[in-house]
Amino acid sequence: VELASRAAEGAKELFAGELKVSVIIPSKDTPEVLEKCLRSLTRRSEGRLPVQILLVDNGSSAENKQKTEDLIGRIRESGVPVRYIYEPAEFNFSAMCNRGAELAEGKFLLFLNDDIEVTDSKWLTEMVGYCQLPETGAVGAKLLYPDTKNIQHCGVINIQNGPVHC
């Protein structure tokens, strides 16, 4: 309970406008999947969403690039800043994440796959709250398989042999 209340206190700064989260989303040739992700990100968030979205695309086709640009235009109209970084290159997920991190303006970096759908309105508040605790190095969310309650991923812990999935 103490840990959760400390995390909640820390999250208040986020929604007081003092902090920003840079959401880095690597994506290529998946505008339909990306749309579901971005819509859930902007609709299922508690309060004003203090984020900067950095969409890193390493070479979508011309048709998918246009669909993505159209989608981004609609998201921007809702007041959420989105930056589209289109740099054709061979696939390298780490390089895409690093490119987004280089351009990030937020105090916190959220690396988000384009196939993730946000389902809880308090997700960002809780994650940022835990990020601000001095003993925290990284925070992750519990991921469920689509349309089920089955856990896909619920974090990584560091044990004697190194980091492993919970």
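Colleague: Let's begin with strand β2, residues 51–57. How many of its residues are buried?

Modeller: Seven of the seven residues of β2 are buried, so the strand is mostly covered, taking buried to mean under 20% relative accessible area. Keep in mind that this is a predicted model.

Colleague: Which residues of β2 lie on one side, and which on the other?

Modeller: On one side you find Val-51, Ile-53, Leu-55 and Asp-57, and on the other Gln-52, Leu-54 and Val-56. Both faces of β2 are covered, with every one of these residues buried.

Colleague: Good, now the neighbours. In which sense do β1 and β2 pair, parallel or antiparallel?

Modeller: To call two strands paired, we ask for at least two bridges between them. Strand β1, residues 21–27, pairs with β2 in the parallel sense, over seven bridges. To find your place on screen, look for Ile-24, whose bridge partner in β2 is Leu-54. Val-21 likewise stands opposite Val-51 in β2.

Colleague: And how many bridges link β2 to β3?

Modeller: There are five bridges between β2 and strand β3 (residues 82–86), and the sense is again parallel. Here Val-56 has Ile-85 of β3 as its bridge partner. Between these two strands the chain passes through helix α3, residues 62–77, making a β-α-β crossover that is right-handed.

Colleague: How do I read that handedness for myself?

Modeller: Turn the view until the strands point away from you; a clockwise path from the first strand over the helix to the second is right-handed. Try this on β2, α3 and β3, where the crossover is right-handed.

Colleague: Back to β1, then. Why is β1 described as largely enclosed by the rest of the structure?

Modeller: Because seven of the seven residues of β1 are buried. Val-21, Val-23, Ile-25 and Ser-27 point one way, while Ser-22, Ile-24 and Pro-26 point the other way, and all are buried.

Colleague: Which strand besides β2 is joined to β1, and by how many bridges?

Modeller: That is β4, residues 108–111, which is joined to β1 by four bridges and runs parallel to it. Val-23 of β1 has Leu-110 as its bridge partner in β4.

Colleague: Stepping back, what is the order of elements along the chain?

Modeller: From the N terminus, the elements run α-β-α-β-α-β-α-β-α-β-β-β-β. In total the chain has five helices and eight strands.

Colleague: And what share of the whole chain is buried?

Modeller: Of its 166 residues, 37% count as buried. As for contacts, among those between residues at least 6 apart in sequence, 73% join residues at least 24 apart.

Conventions. Residues numbered from 1 in each chain as written. Predicted model: local features only at pLDDT ≥ 70, side-chain atom pairs only at ≥ 80, totals over all residues. Heavy atoms only, no water. Buried < 20%, exposed > 50% of the residue type's maximum accessible area, 1.4 Å probe, protein only. Contact = heavy atoms within 4.5 Å.
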